[in-house]
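Trainee: Hi! Could you walk me through this one?
Mentor: Happy to, let's open it up.

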Amino acid sequence: MFVIKKDISLKPYNTFGIDVAASYYARANTVEKILYAINFASYNKLPIFVLGGGSNILFTRDFEGVIINPAIQGVQLQSDDEQYYVFRVGAGVVWDKFVELAANNNLGGVENLSHIPGLVGASPIQNIGAYGVEVKDTIVKVEAVEVSSRKLVEFNASECHFGYRDSIFKQELKEKVIITHVWFRLSRNPSFELSYGNLAEEVAKLGEVSVQNVRKAVINIRKSKLPDPAELGNAGSFFKNPIVDADKYTMLKVRHADLNGFQVSESFYKIPAGWLIEKAGWKGKQMGECGVHHKQALILVNYGGATGTDILDLASSIQRSVWEQFGIELEREVNVF
Ligand code: EPU
């Protein structure tokens with residue numbers, strides 16, 4: 001039986017722990033149930049909202065509509081050759097469970113993305129990334145349901161228009177498709193990306209360079225810096241790292257020797273938003289029930305009773321002060337509803 005829950009609080013379904021209400025909530029663990037939920041919404045003339053693990057969303061209001069949680073499970077091996085294994089993974093699989101499975105089988109490609117909260121189906125939407133790796137480099141294709149036609153559609157990697165924390169699913173296709181499965185290609189002869197920050201050092205502490213050890217090192221680093229949403233509400237990085245031109249970067253670097261930008265193309269540099277926020281004096285600041293994390297200024301936290309608007313107001317104050325001090329606009333990374 002497929003139960004669509006009525007009048008529920010979304011508090012347990014978003015890692016910020018914001019208490020807003022939704023008229024209906026459908027946990028759909030098959031494509032058929034997703035289609036049923038879409039039909040239910042259109043029959044009742046209600047909008048739909050797709051919610052995965054709720055780890056990259058800030059709710060600011062109640063939702064009079066149908067929340068669809070794509071909960072399709074399963075990791076299926078589709079093909080293998082000397083170099084690669086290709087897996088088709090259900091959108092509802094917990095992302096880190098998939099990474100764990102890859103690491104346990106010594107398959108490379110996603111180990112740097114260990115311990116990122118959320119579900120597999122969300123991974124292509126914002127092209128999750130960490131420690132010098134982006135998920136786009138392992139994605140073969142994405143399967144989805146097109147909401148308007150109810151048809152099953154597929155996108156190969158180039159059709160996903162991946163960018164830094166960006167894809168077609170966050171742009172033109174926002175709210176138009178519901179991802180059901182993602183295909184990943186993992187390597188049997190992994191080449192490792194250890195150049196980011198102190199990752200190489202952390203791996204060396206554990207011994208040989210292996211998929212398992214890179215995973216362990218990433219988990220250690222993340223645990224030491226990032227708050228656990230189960231203990232302190234948050235949605236990871238709240239802003240994207242801004243990209244500025246070389247002139248602007250040089251100007252900043254001359255003034256601030258401790259700035260560590262990262263060259264992204266011939267004349268553009270990515271600047272750590274966490275550094276800008278810290279320099280602007282926000283690190284560790286508390287404003288009522290919300291605040292800026294004391295170890296990583298890019299993360300906004302809910303101490304318990306914050307509303308989405310409280311957090312959004314804090315974010316706006318941070319954006320304003322970074323703009324006033326550095327002339328740089330911070331763009332939100334977290335989705336706001
Ligand atoms: N920094 C500061 N102060 C801070 C935080 C950072 O000066 O309070 C400086 C650090 O000293 C470091 C630099 O900023 O030199 C980069 O910091 P970090 O390695 O913590 O990474 P980040 O750029 O702040 C990005 C991703 C994270 C990802 C890490 C590691 C974005 C928006 N965020 O953060 O992703 O885990 O790199 O790869 O690109 C997420 O998307 O939710 C997320 C957590």
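Mentor: Let's start at the ligand: one of its oxygen atoms has a backbone N or O atom of Ala297 at 2.8 Å. That is a polar contact, meaning a pair of N or O atoms within 3.5 Å; within protein, one must be able to donate a hydrogen and the other to accept it, and residues adjacent in sequence count only if both atoms are side-chain atoms.
Trainee: How much of the ligand does the protein bury?
Mentor: The protein buries 81% of the 820 Å² that the ligand exposes when taken alone. Those areas come from the Shrake-Rupley method with a 1.4 Å probe; for residues, only the protein chains shown count as cover.
Trainee: Before I go on, what am I looking at?
Mentor: A predicted model, where local features need pLDDT of at least 70, side-chain atom pairs count only at pLDDT 80 or more, and totals for chains, interfaces and linings use all residues. Residues are numbered from 1 along each chain as its sequence is written, and side-chain values use heavy atoms, with hydrogens and water left out.
Trainee: Cool. How far is the side chain of Arg165 from an oxygen atom of the ligand?
Mentor: An N or O atom in the Arg165 side chain is 3.0 Å from a ligand oxygen. For Tyr196, a polar side-chain atom sits 2.7 Å from an oxygen atom of the ligand.
Trainee: And which residues come nearest?
Mentor: Tyr131, Tyr164, Tyr196, Glu278 and Ala297, out of 22 around the ligand. A residue counts as near if one of its heavy atoms lies within 4 Å.
Trainee: Which helix or strand gives the largest share of that shell?
Mentor: That is α6, with 3 residues. Helices (H or I, at least four residues) and strands (E, at least two) are DSSP runs, numbered from the N terminus.
Trainee: Why does the ligand lie between two domains?
Mentor: Because domain 2 (75–201) and domain 3 (233–336) both give residues to the shell around it. The domain bounds come from an automatic or database domain assignment.
Trainee: New topic: is strand β2 mostly enclosed or open?
Mentor: Largely enclosed by the rest of the structure, because 6 of its 8 residues (21–28) are buried. Buried means under 20% relative accessible area, exposed over 50%, partly exposed in between (1.4 Å probe, protein chains only).
Trainee: What does β2 pair with?
Mentor: Strand β1 (residues 4–9) runs antiparallel to β2, with 5 bridges, while β5 (residues 63–70) runs parallel to β2, with 6 bridges. Two strands pair if DSSP finds at least two bridges between them.
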